[in-house]
Structures are given as C-alpha cells and as structure tokens.
Protein chains: 2
Amino acid sequence: MTENVLITICLLLLCTIVFCDISNNEIEQCNLPKKIKDEIASYAPVVEKIINETVYGKYKGTTYDHLADFIDKFGNRIAGSSNLENAIDYMLNKSIQFNLENVHGEKVQVPHWVRGKESATLLEPRYQSLAMLGLGSSIGTPPEGIRAEAVVVKSFDELKNISKKVKGKIVVFDQEYVSYGISVQYRDYAASTSASYGGVATLVRSITPFSLNTPHTGWQDYNDNITKIPTACITVEDANMLRRMYERGEKIVIELKMEAKNLPPATSRNTVGEIVGHSEPQKIVIISGHLDSWDVGQGAMDDGGGAFLSWNSAVILKALGLRAKRTIRTILWTAEEEGLVGAFAYVKAHKNETKNLNFVMESDEGTFTPHGLKYSGIPDVGCILQEILNLFPTINATQLQQPADGAPDLTEWLQEGIPGASLLNEAERYFWFHHSAADTMDAENPEALDKATALWASVAYIVANLSFDMPRNSTDYLHKV
Amino acid sequence: MTENVLITICLLLLCTIVFCDISNNEIEQCNLPKKIKDEIASYAPVVEKIINETVYGKYKGTTYDHLADFIDKFGNRIAGSSNLENAIDYMLNKSIQFNLENVHGEKVQVPHWVRGKESATLLEPRYQSLAMLGLGSSIGTPPEGIRAEAVVVKSFDELKNISKKVKGKIVVFDQEYVSYGISVQYRDYAASTSASYGGVATLVRSITPFSLNTPHTGWQDYNDNITKIPTACITVEDANMLRRMYERGEKIVIELKMEAKNLPPATSRNTVGEIVGHSEPQKIVIISGHLDSWDVGQGAMDDGGGAFLSWNSAVILKALGLRAKRTIRTILWTAEEEGLVGAFAYVKAHKNETKNLNFVMESDEGTFTPHGLKYSGIPDVGCILQEILNLFPTINATQLQQPADGAPDLTEWLQEGIPGASLLNEAERYFWFHHSAADTMDAENPEALDKATALWASVAYIVANLSFDMPRNSTDYLHKV
C-alpha cells in the first residue's frame with residue numbers, strides 16, 4: 001500500500017467515524033427482501049464445497065505453494081525491473097496453464113527508480129554504521145557522499161522551531177509511531193520540508209510499530225519548486241539513539257552515500273485473466289492484488305499474498321466448474337508502490353467499462369487469518385455482504401467492517417461509488433514486515449491463505465452469480481427483484 | 001549468555017523438573033524459625049525506602065540513563081577489542097566517581113576473535129544476498145571465498161542420512177526452534193559435524209523464535225581433530241527459503257566470504273567495586289553482570305542491562321548510606337560471550353574466598369519488568385528468599401522460581417553449592433534480540449530497570465545484613481540463631 005491513497009483512506013475513515021452510528025444503524029436496520037436473503041442462503045452448499053476443496057481437499061495449501069514457487073523464483077519485483085517483467089510473463093503463462101480465459105497483459109508506463117549502493121555512517125560522536133534504506137524517488141548523493149552535522153527533531157513543528165539551525169545540516173526525524181496513516185507523512189514530506197529550511201539530506205525513523213533494527217523503505221514525494229535532497233529511512237533504534245545524543249548536546253556528524261537514480265519511465269503490464277460470465281459477460285467482478293513489490297525482502301506479504309489470493313481464487317473457481325452469470329476478472333496490478341500507477345492507468349483505459357463494474361475486490365493489507373471483509377458502498381451493500389458472510393461460520397470469517405481500506409488500487413473506483421471490498425484479517429503485525437527485508441514467505445501461512453482463498457473465491461462467485469447487481473446509489477430495485 | 005553453560009542449565013532444569021514436586025513441597029513446608037521471619041520482616045521500611053528512592057524518587061530513571069550514556073558512548077564491546085577496554089576504564093572511573101570502594105580491574109587473558117568483512121550470496125537458482133553473521137571462533141574463508149553447492153538439512157540425523165552427499169558441499173541447517181537451550185547445539189556443532197562428513201562450510205538458521213530477517217551470532221566450538229571449516233548463521237527466513245528450494249530439487253549454489261580471524265589472546269579485566277561490610281567485611285554478597293558483548297548491535301540487553309542493574313544497585317545503596325554487615329561486591333565480568341572466560345579466571349583466582357561467599361547474584365537473561373528471583377541452593381535458601389520477596393508486593397516482584405538460570409558467570413559457584421540468584425523477569429522476547437543488531441537500548445525500559453534495581457539492591461542489602469549466613473548444606477544452625 002502506498003501513501004498516495006492515504007488521504008483518501010483518512011477521509012473514508014473520517015466518514016466512517018462521523019457516520020459510524022448511522023452506518024451501523026443502517027446495517028442493523030437491514031431490510032433486505034426475503035427473496036434476496038433466501039437467494040443468498042441458497043449458496044450454502046456452494047460455499048461448503050469451495051471451503052471443503054480449498055481448506056481441506058484438493059486445493060489445500062495451493063495458494064501458499066503457488067506463492068512460494070513464485071516468490072522463491074523471483075524474489076522482490078520493483079517497477080521498472082526486468083525481474084518484474086519476467087514475473088509478469090510467468091504469471092501470464094501460468095494463468096493460461098491453469099485455464100483462465102482472455103489472459104493478457106495491459107501495458108502501462110511506470111516510474112523506474114533504482115537504489116544502487118547506499119550507506120549511512122555515524123562519524124561523531126563515535127563511529128557506527130547505520131542500517132538504512134533510501135526512499136523511492138529519492139535522488140542520490142554526490143559519489144563522495146554528503147558529510148554533515150545533524151539536527152534531530154520529533155516533528156515538523158519542532159523542525160520549524162529550529163529552522164534557523166537547519167541550513168547545511170542533515171535532518172534526522174525521530175517522530176513517534178502513531179499509526180501508519182498518520183506517521184507516514186514524515187517519510188513522504190521530510191525531504192521537501194527540510195530542504196525548504198536549507199537541509200541537505202534527511203534520515204527518517206522507519207514507519208513501523210516494532211523493529212529489530214529493521215529499516216523500512218517506501219515512496220516519498222518531492223514538492224514542486226523545492227530543492228530535491230536525498231532522503232532515506234533509518235531504524236527506530238538508531239533514530240532514538242541519535243535523539244539521545246542530540247539531547248545531550250553532542251555533536252552528531254553523519255556521512256550519507258546513495259547511488260539512487262530516477263531513470264526514464266519503463267513499460268510494465270497489469271496482468272489480467274478471466275472466467276467469462278455465462279449470461280451477463282459484460283458485467284464484471286474484479287478480484288485483485290499487486291504483483292510488484294519494493295526492492296527489499298521478497299514482496300511475499302506486500303502484495304504476493306494478495307495477488308495469489310485473487311489469482312488462485314479464480315483458478316479454483318475455474319477448476320471447480322463454477323462459472324458465474326457475470327465475468328470474474330483477476331487483475332495483478334503493476335507499480336502500486338510508486339503511487340498506484342498500474343491501477344490509475346487501468347481505470348483510465350477502461351472508462352467505458354465503469355458502468356459494468358458490479359463489484360471490485362483487492363487484498364493489500366495482509367493475508368493473515370481472515371475474519372471477513374471490509375467494504376465500501378451504500379449501506380445495502382453491507383446488508384448483502386453480511387448475508388453472504390453469514391455463510392462462513394465454519395472458518396470463522398463472518399465479520400463485516402467498513403470502509404474497504406487495504407485496497408489501494410481500487411481507490412478511484414471506490415471514490416466513484418462502485419461497491420468493493422478488501423480482506424478483513426489478523427493484520428496487527430502487518431507493518432512490522434511492510435517494505436522491509438522481513439517481507440518474506442515467513443509472513444505467510446498456508447492455513448490462513450486457504451481460508452482467505454475459500455472466502456475470497458466464494459464471495460466473488462456469489463456476487464458474480466446473484467440475480468441482481470450490487471447496488472451503487474439506490475436500492476429500490478432490490479425490492480423489485 | 002553463552003552456550004558453554006547450557007549443559008549445566010539443562011541439567012539444573014532437568015533436576016528442577018524431576019524434583020519439582022519435592023522442591024515445591026519443601027518450599028511449601030518452609031519451617032523457618034519465627035525469629036528469622038521476624039528479622040526479615042523488619043526490613044520492610046528499608047525496602048520501602050529503596051523502592052521509593054529508586055522507582056519514584058531521586059534515582060528514578062538512573063539505571064536506564066547510566067546505561068544509555070554508556071551504550072551510546074561505546075556501542076558493542078567484544079572481548080579483545082580496545083573498545084571493551086575503554087569501556088572498562090570508563091566504568092572504573094565512574095565507580096570511583098560514584099564512591100564505590102576498592103574499585104579495581106582484575107586482569108584476565110581473553111580470546112580475540114575478529115569478524116572482518118563477510119557475505120553470503122545465493123548464486124543459483126537465483127541471485128540473492130543472504131543476511132548472515134559469522135560465528136565466534138569461526139575461521140575465515142580464502143580471500144576469494146568458498147563457492148559450492150549446498151545441501152539443506154533439518155537435523156544432525158538428517159545430515160547423517162545424506163552423509164555421502166556432503167563432501168565438498170556447504171551444509172545449510174534449517175533446524176526447528178524448540179528452545180534456545182536445545183536448538184543452540186546446531187550453532188555450536190554444525191561446523192565440526194559437517195566437516196566430519198567432508199562439508200566445506202556451514203550456514204545455520206539463527207537461534208531465535210522470531211525474526212525480521214535478523215541474523216544472530218554467538219560462539220561455536222570446533223571439536224578436536226576435525227578440520228575447521230567456516231561457519232555462520234543466516235536468517236530463519238533464508239534458511240526456510242533454501243530448504244524449500246532444496247526440497248523442490250533445485251540446485252543451490254552459495255558463495256561464502258568471511259575474513260574472520262582468531263588473533264592471539266588479549267588482556268581484559270573483570271571490573272570490581274565494593275561497599276565494604278561494616279562488621280563482617282570478609283563475607284561477600286556478589287551482584288554482577290557482564291560488560292562485554294557481541295560485536296553486533298549494542299549489547300544493551302546482553303548484558304548492559306544486567307551489568308548496570310548490579311552496578312547501579314551498589315551505587316544507590318552507597319548513596320543511601322546502606323552499608324551492610326557483609327561486603328557487597330559488584331563485578332562486571334569480561335569475555336562472557338567467549339565461554340565465561342572472565343568468570344572462570346575470577347573463580348580460580350579467588351579460591352581462597354569461596355568459603356566466604358555468602359550469596360552470589362547475576363542478571364544475564366534480560367532486565368524486562370521484574371517478577372522476582374530465580375535461585376539455586378538448598379530448599380531453605382528458597383524459604384529465606386521467599387520471605388524477602390514477600391516485601392515486594394508494591395512492585396509486583398514476589399515470585400520465586402528455581403534454578404538460577406540466566407546467571408552463566410556464576411556456573412562454577414552454583415555447582416559448588418554456593419547459594420545464588422538471577423532475575424526473574426518478563427524475558428519472553430529475550431531471544432528475539434539476543435546476539436543480533438536488535439540488541440539496543442530499545443530493548444530496555446526505564447520503569448522496568450527501576451523496579452529491577454529496587455529489587456536487586458534490596459535483596460543484596462538484606463542478605464548482606466542478615467544476622468545469619470545464607471545456608472549452603474545444612475540449615476540446622478538457622479534454628480539456633
């Protein structure tokens with residue numbers, strides 16, 4: 001998940017809080033026609049079959065195994081890299097091999113940032129190598145590095161207060177971790193804010209609630225008309241140490257070397273496959289995740305898990321012969337990490353399909369043990385989804401929350417009011433691993449992935465096969481079904 | 001804590017389990033004379049004073065602050081390094097500055113292993129840099145490295161089963177983490193066991209229950225008459241990945257480069273300070289921790305916390321004018337990590353004092369929130385300690401367990417039957433940080449250290465001031481007090 005969607009998510013969250021009572025009341029006041037409730041309830045045998053095959057039967061462990069095969073083969077997959085394009089080719093071939101339909105890649109121009117070698121070294125008050133990761137889109141340093149005295153602040157306000165001391169300095173941010181959404185502003189805007197006061201580089205405490213001296217990377221944004229300066233994340237531990245030194249009045253000197261470069265945009269692809277609907281093929285249910293990752297760790301959690309959850313859901317539905325009325329389309333987005341680049345391009349290119357998007361799903365906030373769904377849409381979407389989730393007591397995945405955060409690539413569609421969902425899962429440790437070397441297969445679990453796949457596949461199939469469309473603005477028609 | 005003491009600890013643990021009921025019964029059957037119970041109870045005001053001054057008053061936060069000053073100044077401190085000797089000089093000066101008595105260093109010859117540059121790189125089936133840490137005492141590789149095909153096993157038994165395949169190979173161990181005590185045998189003996197089958201190097205899964213792609217180092221032992229081969233730890237995540245690749249039948253080729261060297265022994269020192277007893281100065285209560293650390297991370301937890309817990313306990317007792325009947329001696333051991341080298345030398349040099357060792361304490365398994373003590377000794381030692389711990393309900397540190405594990409430097413004394421104790425604390429995450437870059441000040445907490453210091457200082461003072469000696473073999477005399 002990148003920060004470009006955070007304002008949206010914050011707004012959605014704010015809306016949720018503000019309208020919380022109303023929404024809950026509305027869910028409580030669900031008044032779906034009996035015919036609709038009966039129709040949804042009639043899917044119990046199908047759900048049982050999908051759960052049995054996926055959690056206990058022939059497809060048990062397959063989401064994990066497909067993912068592990070892929071992750072071990074390719075490792076991480078940053079936008080612009082030939083490794084990502086090879087991984088996309090592999091998924092296109094694999095999609096054909098597993099009988100998905102209309103398999104193809106859709107080209108999109110993506111940023112091409114490369115890290116190169118990098119290091120941060122504390123020179124005074126004593127020598128220490130500082131674990132670090134340059135931030136996506138950061139410029140590099142001169143080859144000899146930037147050697148400068150450091151100031152250490154806990155907030156933008158504190159930086160403003162000492163703004164006269166900042167010129168020529170490296171600015172270290174040791175901001176408290178509040179939440180990812182709140183704290184990530186320091187990763188995003190540290191460089192431009194510091195540069196506006198004359199800072200020459202920034203080192204930002206990694207955005208995580210827990211660290212084993214683990215640096216986390218991520219995208220950052222330079223403001224227009226501000227000098228671009230190199231920027232990187234250091235570990236929570238080192239940021240705290242530098243702050244203690246600074247508060248003691250010790251002179252801190254750091255040398256930062258980064259070879260980072262922004263190369264010309266590269267061509268990548270969103271990876272698409274379908275199970276074409278048998279009676280309303282023009283109507284579409286999307287299940288998705290992003291195939292690209294950061295260039296550290298393996299991108300197994302962010303977002304290998306989400307991508308393979310969606311891809312294997314389609315594979316299993318196809319193999320079980322569960323072709324729905326509507327088309328189920330799996331999309332593996334590209335260049336999510338650089339600002340939802342693949343998704344924005346897709347939405348633009350498929351404007352003419354927008355009216356036919358029945359329901360959109362993405363999983364990009366962990367595929368830990370699932371508890372249900374998070375949704376966006378009008379209250380009756382929640383009513384319908386709750387009826388569907390009531391079919392999942394055996395895997396304990398009956399909970400419904402809103403909004404559908406953890407689905408960044410769906411941002412534009414959700415903003416337009418297209419109903420959608422993300423996976424509600426035990427993601428409490430998600431940001432421990434996120435954008436770091438710790439994002440590996442060890443963050444994934446076969447049983448959790450099986451349950452999530454059973455849920456994901458079932459929901460996609462039921463929604464795609466219902467006798468009525470998922471409502472966008474009005475639910476009147478539901479009562480005429 | 002090194003593994004050299006683990007067999008002892010395992011035996012002690014086994015004894016504890018076997019005699020658990022007996023021991024518990026014996027504690028339950030405590031039959032201390034009323035006079036002794038009353039005497040211990042009379043320390044309530046002293047304990048209250050120490051707790052008030054340490055947890056809430058003048059000394060609040062000082063254990064953390066002294067430790068942070070030290071850790072930030074020196075970083076990690078491996079045996080043989082000038083940094084460790086500078087750190088010892090600093091502690092000797094600081095001990096004098098804070099009015100400890102008979103402050104001196106006691107020289108000891110210690111191993112001098114240096115890591116140098118090192119790397120492990122997966123070359124086939126794909127390129128990936130593997131996070132690693134060479135193990136203490138390991139030899140290095142030739143300058144060009146060792147490039148070899150790898151076999152991956154989960155146990156020594158599995159290695160034996162494929163022993164004919166091992167010649168010329170790098171052996172990767174992906175053993176399950178059971179407990180530190182059980183699993184560390186793979187770090188200890190991987191190299192010699194593999195070499196006996198013709199292996200050319202070993203990469204061992206780090207000994208930890210949780211990883212964020214975190215390699216952990218530690219000492220290892222070469223068997224006599226076996227070819228020495230380079231050995232290192234890799235991360236849990238990479239060990240699992242290599243095993244998956246191996247189980248798929250993929251050819252794994254790894255290049256290992258290590259500059260590690262064993263230099264001639266160096267001179268280090270155990271750091272000693274006292275509060276001389278006012279009436280029986282020849283009798284001694286020891287409070288201790290080790291000042292050396294591994295050469296990664298900061299050695300803040302292993303064992304900065306334990307060392308400063310003991311040192312600051314003495315400082316606070318001295319400042320509060322709490323001079324006991326017996327001498328309280330604080331010892332900051334050296335070269336614990338290379339096999340309790342400082343402690344073994346000290347025990348040998350102080351043989352003539354053994355009869356006067358009244359009680360020995362060490363903290364080397366975390367200084368997280370304290371719950372009480374772990375002890376070794378005859379059951380009446382437990383009875384006395386439980387009476388003392390009953391004085392600590394306000395800081396919730398009244399629990400007593402046995403044996404006194406987490407006190408490796410006391411091994412020889414405890415084996416001789418000298419009563420002793422270690423800190424019982426919330427150490428569930430201890431091995432997450434242990435011997436890794438994550439061993440920093442962030443593993444320490446000011447409030448937990450204050451409570452531990454109040455407990456540690458109080459227990460040391462009470463035991464050193466009781467009218468009777470702590471019993472070793474017979475408790476008959478207690479009834480004649």
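**Exercise 1. How many salt bridges are counted between domain 1 of chain A and domain 2 of chain A?**

Solution.
- Note the source of the coordinates. The model is predicted.
- Find the two parts. Domain 1 of chain A covers 3-112 + 264-480, and domain 2 covers 116-259.
- Apply the cut-off: a Lys or Arg side-chain nitrogen must lie within 4 Å of an Asp or Glu carboxyl oxygen.
- Read off the result. Between domain 1 of chain A and domain 2 of chain A the count is 0 salt bridges.

**Exercise 2. Describe the contact between the two domains of chain A.**

Solution.
- Start with the separation. The C-alpha centres of domain 1 and domain 2 of chain A are 35 Å apart.
- Take the residues in contact next. Domain 1 of chain A contributes 14 residues, and domain 2 of chain A contributes 20 residues.
- Turn to area. About 1,400 Å² is buried between domain 1 and domain 2 of chain A, and carbon and sulfur atoms give 68% of it.
- Add polar contacts. The rule finds 3 residue pairs across this domain interface, with both residues at pLDDT 80 or more.
- Locate the main contributor on the domain 1 side. Helix α14 (residues 430-433) of chain A supplies the largest share there, 3 residues.
- Sort that side by class. The residues of domain 1 of chain A that touch domain 2 are 7 nonpolar, 4 polar and 3 charged.

**Exercise 3. Characterise the interface of chain B and chain A.**

Solution.
- Count the residues. Chain B places 31 residues in contact with 31 residues of chain A.
- Give the area. Chain B and chain A bury about 2,300 Å² between them, with 50% from carbon and sulfur atoms.
- Count the charged pairs. There are 6 salt bridges between chain B and chain A.
- Inspect one of them. D69(B) and R248(A) form a side-chain salt bridge at 3.0 Å, N to O.
- Check the distance. The pair passes because 3.0 Å falls within the 4 Å limit.
- Add polar contacts. Across the interface of chain B and chain A, 16 residue pairs qualify, both residues at pLDDT 80 or more.

**Exercise 4. Which helix gives the most to the side of chain B that touches chain A?**

Solution.
- List the helices that supply at least two residues each. In chain B these are α5 (62-74), α9 (236-247) and α14 (430-433).
- Pick the leader. α5(B) gives the most to this side, with 7 residues.
- Finish with the classes. The side of chain B that touches chain A holds 14 nonpolar, 8 polar and 9 charged residues.

Notes
Residues numbered from 1 in each chain as written. Chains lettered and ligands numbered in written order. Predicted model: local features only at pLDDT ≥ 70, side-chain atom pairs only at ≥ 80, totals over all residues. Heavy atoms only, no water. Domains from an automatic or database assignment. Contact = heavy atoms within 4.5 Å. Buried area = accessible area lost by both parts, 1.4 Å probe. Polar contact = N/O pair within 3.5 Å; in protein donor to acceptor, adjacent residues only side chain to side chain. Helix = DSSP H or I, 4+ residues; strand = E, 2+ residues; numbered from the N terminus. Nonpolar A, V, L, I, M, F, W, Y, C, P; charged D, E, K, R; others polar.
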